[in-house]
Amino acid sequence: MLIKKSTRRRSIPAVKIFALGGLGEIGKNMYGIQYKDEIILIDCGLKFPDAQLPGVDYIIPDFRYLLEHKDKVKGLFLTHGHEDHIGGIPYLLKQLQIPVYGAPLTIGLLRAKLEEHQLLSEAKLNIFNEEDCVVFQYLSVEFFRTSHSIPDAFGMAVKTPYGYVVQTGDFKFDFTPVGPSPNIHKMAAIGERGVLALLSDSTNSERTGTTPSEKLIGESIFDIFQSCKGRILFATFASNVHRLQQVVEAAIATGRKLVVIGRSMEKVFIIGQELGYIRVPEGMIIEPKDTNRFQEHQLVIICTGSQGESQAALTRIASGSHRWVQVYPEDTVIFSSSPIPGNVVSVNRSIDLLMRAGAHVVYGSVLDIHTSGHGSQEDLKLMLRLMRPRYFVPIHGEFRMLTKHADLAEKTGVQKPNIFVLEMGDVLYLKPQQGQIGGKIPSGETLVNGKFVMNMDQEILLNRLQMGNNGVVIAVLMVSKDTQELLTGPTLISRGFVYVRESGAFLAQTEASLKKVLSSKILNLKRQAWSNVIEETLDGIFKEKLGRSPYILPVIMEH
């Protein structure tokens, strides 16, 4: 008997790419690369809430998919040490025990963070160098050095059976860097060996040209230091270690002592000096309480607060509430950062307060004393040319940034059908000759509120916004335990809704109206029915009389 061989092609497994953060947003970056039963994770960050999330401290990725497939997760690889790339790790490690890989400074910053969460003793932390390769059964991970606004920034090249999946991390091409140069030769070599997909930073995709070198900022800092007659207060991101070293060098050149203020700044100085990234002569750093021992032209105060954060050092100095440091008319205050969207009002408030105190304030629109760590359009094009990917996925940016980056990729030669602008939770299936989006995984936002971690609950958020915008009215009454008949009340208690001393008559009239409605209702109503009647009645009165709708909380006691 002749058995005819099947001509049907055997289906080959796809490489899957997904994001749990970092798409359509700035912050909480987290990306996954999966082949068969192996998942490689890249970064696990957080982002800060806006005014629409009152009472929320941080927003972190939704880890449900990872917890459902925890046996497949082989490791978490970190591109660099910024909060939007490592800030979510403590919350992940509380639920998933996996090895974490990072460069020396990144692991140093992570150690301090895990120690605060009492997780350091159980964490599996591994330091990699650029020459290392971490090998698993199907996948392996290689590293290439990039330039960013923090030392030890790396891109990841995940080798799959079909070629590399490259994740750039945050990068720019700085050809006169303060630290090590970006390894363009290795990037080109990876491109030569074959890149299946490139996932690339889109933050500055709307900016033309190239991003200026950090070295230029150092020259501006030195020029300012030379011209200042009084004290210098220098505010920047604590993680911008290269900028801090340039401040140290300018202070040495102008004969000034250093004062370091702010918990995160102090932590970075300690870790940076331990690893050799910040080099300060012995005796140069003095305590804040000792500033009065030195003349004004002998001091540089490096502090947190460049984003106008309410509890940061510079904000407290500007408001006059800092224990050791006050603002004097001869002071020069330097904001060496650009306001993050949402922080502009807070930054401007700090600048106004400092100017009112007589300080000379230098900030971005006055003098160029800040440059981004993210590449502009020509940087992004160079990365695309070096990697020459078959498929392209823009990451790390709001939707318009991702779309602009996709346009740049097409201009550099990536075929339009091979460019994928993904949404959070999309799964991209890649094979050598085929790429398509198929299916979704859980990818919502998880809120951190103090010690509590919770998934996004729309009702809770709406209640908080309602209370914040319109206040709270508590309606207290007592009903019969046997008949549920109204015995006493209702009494209205207002908090943040109306000024009680001026609204006594209105509240008394509202209590009478509510009592009349409740008394006319059929007896034996259940507790929830009483609550519904109270809420509907009061809401109607408040909207009609005042045009406002506070959060209404019925408190029903039984006797």
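The exercises below, each with a worked solution, concern a predicted model.

**Exercise 1. Cavities**

Determine how many cavities of 30 Å³ or more the whole structure holds, and describe the lining of the largest cavity.

Solution. A search of the whole structure gives three cavities of 30 Å³ or more. The next step is to take the largest cavity, which contains about 140 Å³ of space. Its lining consists of 17 residues. Nearest the centre of this cavity lie T146, S147, H148, P180 and H242. Sorted by class, the lining of the largest cavity has seven nonpolar, five polar and five charged residues.

**Exercise 2. Two packed helices**

Describe how helix α6 and helix α7 pack, and state which residues make the contact.

Solution. Two packed helices are described by the angle between their axes and the distance between the axes. For α6 (residues 214–227) and α7 (residues 241–253), the angle is about 35° and the axes are 9 Å apart. The crossing of these helices is right-handed. From α6, the contact involves E214, K215, I217, G218, I221, F222 and F225. From α7, H242, R243, Q246, V247, A250, A251 and A253 take part. Classifying the residues of this contact gives eight nonpolar, three polar and three charged.

**Exercise 3. An aromatic pair**

Classify the ring pair of F77 and Y101, and locate both residues in the chain.

Solution. The structure has 14 aromatic pairs. For F77 and Y101, the ring centres are 4.4 Å apart and the planes meet at 5°. Planes under 30 degrees apart count as stacked, and therefore this pair is stacked. F77 belongs to strand β5 (residues 73–77), and Y101 to strand β6 (residues 99–102). With their positions 24 residues apart, the pair links distant parts of the chain.

Technical notes:
Residues numbered from 1 in each chain as written. Predicted model: local features only at pLDDT ≥ 70, side-chain atom pairs only at ≥ 80, totals over all residues. Heavy atoms only, no water. 1 Å grid on protein atoms, 1.4 Å probe; cavity = no way out; pocket = protein on both sides within 12 Å on 5 of 7 lines; lining within 4 Å. Points joined across faces, edges and corners; volume = space filled by probe spheres on them. Nonpolar A, V, L, I, M, F, W, Y, C, P; charged D, E, K, R; others polar. Axes fitted to C-alpha atoms, helices over the stretch in contact; angles between N-to-C directions. Helix = DSSP H or I, 4+ residues; strand = E, 2+ residues; numbered from the N terminus. Left-handed = near helix turned anticlockwise from the far one by under 90°. Contact = heavy atoms within 4.5 Å. Phe/Tyr/Trp six-rings, centres within 6.5 Å; stacked < 30°, edge-to-face > 60°.
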